Amino acid sequence: MKIKIIESTHELDLQDALNDFIVEDDPHIISLHYAVAMTSLLGELEYSFSCLIVYS
């Protein structure tokens, strides 16, 4: 079993990175876990989208 974490500041970039990982490595995915974090810096919201992939 292996784990990979992919993080991006935009959800579409995360989607592209996940698709690239699936196409290039052809993993047997056991589970996916998504998370979104928001922070405020000088009054502006910043987002972080991430996915933890458990695969073999």
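## A walk around the sheet

Begin at the β2–β3 turn: select leucine 41 and glutamate 44, the latter being its bridge partner in β3. Before you go further, keep in mind that this is a predicted model. Now click on leucine 42, just inside the hairpin of β2 and β3. The hairpin has two residues between its strands, and leucine 42 takes a positive phi near 55° there.

**The long pairing**

Select β3, residues 44–55, together with β2. The two run antiparallel and are joined by 12 bridges. For a landmark along this ladder, pick leucine 32: its bridge partner in β3 is isoleucine 53.

**The other side of β3**

Add β1 to the selection. How many bridges pair β1 with β3? There are seven, again in the antiparallel sense. Isoleucine 5 is a good place to stop, since you can look straight across to leucine 52 in β3, which stands opposite.

With all of this shown, you have the full sheet: it is open, has three strands and follows the order β1-β3-β2. Colour β1 (2–8) and β2 (29–41) to mark the edges; each has a single partner strand, so one side of each is left without a neighbour in the sheet. Tilt the view to look at the twist, which averages 15° from one strand to the next.

**The helix**

Next, show α1 as a cartoon, residues 11–25. The helix lies across β1, β2 and β3, and runs at about 20° to β3.

What sits in the largest nonpolar core? Show the side chains of Ile6, Leu14, Leu18, Phe21, Phe49, Cys51, Ile53 and Tyr55, eight residues in all. Both α1 and β3 supply at least two residues of this core, and β3 gives the most, with four.

Stay with tyrosine 55 for a moment and display its surroundings. Setting aside neighbours within four places in sequence, tyrosine 55 is in contact with Met1, Lys2, Ile3 and Lys4, with Phe21, and also with Pro27, His28, Ile29 and Ile30. Of these, Phe21 is a fellow member of the core.

**A stop at alanine 35**

Move over to alanine 35, in strand β2. Buried or exposed, or something in between? Its relative accessibility is 39%, so alanine 35 counts as partly exposed. Beyond the neighbours within four places in sequence, the contacts of alanine 35 are Ser48, Phe49 and Ser50. Phe49 is another name from the core list. Then draw a distance from alanine 35 to glutamate 7: the C-alpha atoms are 9.3 Å apart, although the two positions lie 28 residues apart in sequence numbering.

**Zoom out**

Finally, show the whole protein chain. One helix and three strands are present, and read along the sequence they give the pattern β-α-β-β. The radius of gyration is 13 Å, well over the 10 Å that the globule rule gives for 56 residues, so the chain is more spread out than a compact globule. Align the view to the principal axes and the C-alpha atoms fill a box of roughly 40 × 20 × 10 Å.

Switch on a surface to finish. The chain exposes about 4300 Å², and carbon and sulfur atoms supply 55% of that area. Of the 56 residues, 21% count as buried. As for contacts between residues at least 6 apart in sequence, 58% of them join residues at least 24 apart.

Key:
Residues numbered from 1 in each chain as written. Predicted model: local features only at pLDDT ≥ 70, side-chain atom pairs only at ≥ 80, totals over all residues. Heavy atoms only, no water. Pairing = 2+ DSSP bridges. Axes fitted to C-alpha atoms, helices over the stretch in contact; angles between N-to-C directions. Contact = heavy atoms within 4.5 Å. Core = buried A, V, L, I, M, F, W, Y, C linked by side-chain atoms within 4.5 Å. Buried < 20%, exposed > 50% of the residue type's maximum accessible area, 1.4 Å probe, protein only. Rg over C-alpha atoms; globule rule 2.2 N^0.38 Å. Areas by Shrake-Rupley, 256 points an atom, 1.4 Å probe, with all protein chains shown as cover.
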